[in-house]
Amino acid sequence: MARTDAMVLGAGIVGTSIALHLAKRGLSVALVDRAAVGEQTSYGNAGIIEGNTIFPPAFPSDPGALLRIALKRASEANYHLSFLPHVMPWLLAFRAASRPERLAETARLIRPLFSRAVPEHEALMAEAGATHYLRKTGWLKVYRGDKSFAALRPEIDLAAKFGLPLQTLETAGAQAIEPSLNPVFTHAVFWPEAASVSNPLGVTRAYGRRFTALGGIIVSGDARSLHRTGSYWRVETDEGALDAAQCVVALGPWAPDLLDRLRLKLPLAVKRGYHRHFQVEGNATLARPVLDAEVGYLMTPMEQGIRITTGAEFAARDAPPTPIQFSRITPRARELFPLGEPAEARTWLGSRPCFPDSRPVIGRAPGFTGLWLAIGHAHWGLTLGPATGRLISEMMTGGTPFCDPTPYRAERFTKAPA
Ligand SMILES: Cc1cc2nc3c(=O)[nH]c(=O)nc-3n(C[C@H](O)[C@H](O)[C@H](O)COP(=O)(O)OP(=O)(O)OC[C@H]3O[C@@H](n4cnc5c(N)ncnc54)[C@H](O)[C@@H]3O)c2cc1C
């Protein structure tokens with residue numbers, strides 16, 4: 001039996017960043033995963049460090065968009081009919097949280113965390129030798145129609161209040177930044193302070209290597225074996241039992257597999273998403289992520305090619321992939337940018353772990369001594385991994401949290417289990 005000060009369950013970007021922050025504060029730490037570091041959800045994302053995010057994605061308010069989604073004709077979203085009854089309570093809560101005043105409230109509550117997203121990554125990248133993955137080239141969002149651009153007014157106004165720089169551009173202005181884009185759009189917004197990475201897996205692996213260089217250990221084990229023994233948390237690993245006084249659950253979309261066993265019920269659902277890499281035709285270039293807003297996909301230059309990622313699919317986490325959005329998106333993406341052939345045969349599927357109010361849970365697990373939660377990072381796990389690592393490690397080691405953690409408490413959803 002081995003014993004450490006803390007163990008972190010889940011070696012995605014969130015868990016790995018937490019483990020690294022705890023090790024930096026002098027704790028002995030074990031990072032436990034049944035797979036290799038960073039290879040699940042944290043591998044396949046769009047690579048954006050969205051420090052500029054203001055409003056979370058909202059339940060559609062436009063009846064036309066809702067009808068298109070309902071009829072399964074939308075490119076931006078999909079669902080499995082058989083899954084709807086299961087996810088309905090979550091969808092209703094998500095819809096309630098999408099009212100304009102609630103979105104403005106969420107924007108205010110998540111800002112302190114997002115404002116640290118880029119600097120906290122830069123700090124970890126510098127010590128982990130991962131700076132070469134970072135691109136501080138901003139994020140371009142293009143709008144094909146006037147209506148969707150006009151709907152941005154509240155976001156633009158709030159950005160001004162938060163002091164976030166942006167540039168609204170016409171087609172030619174956007175092409176000056178990204179010359180290979182075709183003029184199929186009429187407006188664009190350039191967010192210069194967003195950053196992105198060319199290889200999200202490379203970043204998480206680099207943080208994992210830095211963690212082990214500081215004395216941390218990475219162990220293979222099944223988090224579902226977690227149980228209390230005396231004043232410790234114990235998990236069974238391939239190398240035997242591992243005990244720790246403090247344990248952090250950072251299992252991303254798999255968190256309910258453990259929390260349900262502990263009878264800790266939290267409304268965590270998944271928004272599934274796909275990616276596929278494409279080659280580039282001719283001399284075309286792309287220097288930053290581009291969102292094709294109405295069509296509802298993102299293209300990001302990655303080491304493997306141009307990575308196209310899709311919006312939300314509401315389906316059971318483990319249901320077989322149904323990448324029908326790709327057949328709609330690919331021709332539209334080719335209108336915007338000269339994509340070549342797909343770089344691989346299959347699409348990748350991942351699950352964004354989401355709470356209905358679009359805020360993560362970061363803090364103590366209600367009713368459990370020494371148990372902490374860092375889950376539900378939704379569309380922003382890559383963005384918020386290092387900021388989450390800093391915040392929770394400050395809370396766990398009795399430091400002063402860099403921001404007020406109250407908005408991220410699990411108690412907003414639950415009381416301690418009886
Ligand atoms: C298509 C798509 C695009 C995205 N784009 C972006 C983006 O541009 N920017 C951004 O910030 N975010 C983005 N996201 C979201 C982001 O990828 C996630 O929020 C983030 O990866 C979640 O990280 P995590 O560490 O919580 O989970 P994960 O990376 O899934 O890590 C959880 C870990 O737990 C392990 N695990 C699970 N069960 C067990 C068990 N029983 N025992 C042991 N280990 C277990 C898994 O193996 C895994 O390693 C995107 C997501 C998708 C799907």
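I began with the contacts of Ser 351 and, counting heavy atoms within 4.5 Å as contact and leaving aside residues up to four places away in sequence, I found that Ser 351 touches Thr 41, Pro 253, Val 270, Lys 271, Arg 272 and Arg 317. The model is a predicted one, in which local features need pLDDT of at least 70 and side-chain atom pairs count only at pLDDT 80 or more, while totals for chains, interfaces and linings use all residues. I number residues from 1 along each chain as its sequence is written, and side-chain values use heavy atoms, with hydrogens and water left out.

I placed Ser 351 in strand E20 (residues 348–354); strands (E, at least two residues) and helices (H or I, at least four) are DSSP runs, numbered from the N terminus. Ser 351 has a relative accessible area of 7%, so I noted this residue as buried, a word that means under 20%, with exposed over 50% and partly exposed in between (1.4 Å probe, protein chains only).

Next I looked up the second largest pocket, a pocket being an open set of points on a 1 Å grid over the protein atoms alone, where a 1.4 Å probe fits, with protein on both sides within 12 Å along at least five of seven lines. Its volume is about 220 Å³, taken as the space filled by probe spheres set on the points, which are joined across faces, edges and corners. Among the residues lining this pocket (those with an atom within 4 Å of a point) I listed Phe 83, Trp 90, Pro 253, Val 270 and Arg 317. Helix H4 (84–96) and strand E14 (269–280) are the elements that give two or more residues to the lining, and H4 gives the most, with four.

I then turned to helix H6 (residues 117–128), where 12 residues should span 16 Å at 1.5 Å a residue, and the end C-alpha atoms are indeed 16 Å apart; the expected span is 1.5 Å times one less than the number of residues. Its buried residues are Ala 117, Val 118, Glu 120, His 121, Leu 124, Met 125 and Ala 128. Seen down the axis, they fall within an arc of 165°, so they line one face of H6, the arc being that of the directions from the helix axis to the C-beta atoms. After H6 I noted Gly 129, whose phi is positive, near 65°.

Last, I found Phe 337 in the loop between helix H12 (324–336) and strand E19 (339–342), and Phe 337 counts as buried because its relative accessibility is 0%.
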